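Trainee: Got a minute to go through this model with me? I'd like to start with the ligands.
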Amino acid sequence: MKKIAVLGGGSWGTTLANLLAENAKLEVFLWIREKELLAEVKAKGENTWYLPGVKLHSNLRTSADITEVLMDANYFLVVVPCQYIRGVLQEVKDMFPVNPIVICASKGIEIESLSPLSKVINDVLSEKKPIYAILSGPSFAKEVSAKLPTAVSLGCINEKVGRDLQQLFSNSYFRVYYNPDYRGVELGGALKNIIALAAGIADGLGFGHDARAALITRGLAEMSRLGIALGAKERTFMGLSGMGDLVLTCTGDLSRNRQVGLRLGQGEKLKEIINSMRMVAEGVKTTKAVYRLAQSLNVEMPITEQVYAILYDNKDPRQAVCELMERKLKEE
Ligand SMILES: NC(=O)C1=CN([C@@H]2O[C@H](COP(=O)(O)OP(=O)(O)OC[C@H]3O[C@@H](n4cnc5c(N)ncnc54)[C@H](O)[C@@H]3O)[C@@H](O)[C@H]2O)C=CC1
Ligand SMILES: O=C(CO)COP(=O)(O)O
């Protein structure tokens, strides 16, 4: 049986590793960074920090030793929070074979380089010439772990690899659609988190359903604008990894990004919100990266600009929403 190394024992990495172990088409080895957590996982058969209450499959192997996890793997699934991916891969890049199939399930834009994750992974592993794929779409770890019906996109430029991966991940509750536009798939997942912050802020201020629907719709417009400037297909933003994930995270209270927004809208400070969370809300850092990227590409992203000002310039959220409403009137 072929082996998959899963890097990242957070809620999503654990969920996907467990799903693959249950699918039983691959041998699955999950890297858990925290030794104390690994000890609990081994003792209780459960990821008590990030995915409590979910029994892990007996086929799932776990280790805190990343070299053991990577050894002789045929597939590599990266589910480390976006800003740490470069550092983690840099340490172990020599362990990858030539032309490794690297699937990324993380969502974000790297601040340092303003790059989407395909570029980060290609940069670090450039000597190995990786075959890149991205798994993204509306999928809360908790719901997938509860085996609730979920549909996502798998972006890969190499159709044969993409269709092979589609088979490996799919099962009766997890339906994977293949899309050759990997750039569009990865950008949808990264950019929707900014709009989820905005929707949370509006809801936290008590601005109601109209405001949320406006943010989702105009959010999709600015996501697509940046996507097109970066070579993605506009149509991809209408699919699961674009509109699908945007609607999920702007409306679903399981979203960490939406929760951060709600708390900001209710008057809490960003620092205290982040300090109270063990989990990651990728939109916070991705907002900074996208704000800079949009400026450098001269792409208009008014919602992102206001979220940036709330997060990083201490702007009053109410004032930010007023400014969005009072911008020069436009055609749709
Ligand atoms: N949780 C979910 O429902 C979904 C998450 N994702 C994405 O998956 C990626 C991983 O997020 P989650 O699994 O939710 O994480 P999480 O928020 O559940 O856990 C945090 C993770 O960050 C890791 N971490 C903390 N500091 C680190 C460091 N210095 N170096 C390397 N790793 C470090 C921890 O070991 C842990 O695995 C994110 O990009 C997220 O957007 C995508 C779809 C669904
Ligand atoms: O990306 C997700 C669902 O598709 C998870 O969203 P959050 O990171 O906001 O929790």
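Trainee: Which domains does the shell around ligand 2 draw on?
Mentor: Bear in mind that this is a predicted model. The shell around ligand 2 takes at least three residues from each of domain 1 (3–180) and domain 2 (188–325).

Trainee: How many residues surround ligand 2, and which are the closest?
Mentor: There are 13 residues around ligand 2. S139, D245, S255, R256 and N257 are the closest.

Trainee: Which elements give two or more residues to that shell?
Mentor: Helix 8 (182–204), helix 10 (240–251) and helix 11 (256–265) do. Helix 10 has the largest share, three residues.

Trainee: And how do the shell residues around ligand 2 divide by character?
Mentor: Four are nonpolar, five polar and four charged.

Trainee: Back to helix 10. Is it mostly covered or uncovered?
Mentor: Mostly covered. Of its 12 residues, 10 are buried. D245 is among the buried ones, and D245 is also one of the closest residues to ligand 2.

Trainee: What do the buried residues of helix 10 pack against?
Mentor: Strands and helices. The strands are strand 10 (131–136), strand 11 (150–156) and strand 12 (174–179). The helices are helix 8, helix 9 (208–229) and helix 11.

Trainee: New topic: ligand 1. Which residues come nearest?
Mentor: G10, S11, W12, S106 and M279, out of 25 around ligand 1. Helix 1 (residues 11–23) gives the largest share of that shell, three residues.

Trainee: How does the shell around ligand 1 divide?
Mentor: Into 13 nonpolar, eight polar and four charged residues. Domain 1 and domain 2 each supply at least three residues to the shell around ligand 1.

Terms used:
Residues are numbered from 1 along each chain as its sequence is written. Chains are lettered from A and ligands numbered from 1 in the order in which they are written. This is a predicted model: local features need pLDDT of at least 70, side-chain atom pairs count only at pLDDT 80 or more; totals for chains, interfaces and linings use all residues. A residue is near a molecule or strand if its C-beta atom, placed from the backbone, lies within 6 Å of it. Helices (H or I, at least four residues) and strands (E, at least two) are DSSP runs, numbered from the N terminus. Ala, Val, Leu, Ile, Met, Phe, Trp, Tyr, Cys and Pro count as nonpolar, Asp, Glu, Lys and Arg as charged, and the others, Gly among them, as polar. Domain bounds come from an automatic or database domain assignment. A residue is buried if 20 or more other C-beta atoms lie within 10 Å of its own, exposed if 12 or fewer, and partly exposed in between; C-beta atoms are placed from the backbone. Two residues are in contact if their C-beta atoms, placed from the backbone, lie within 7 Å.
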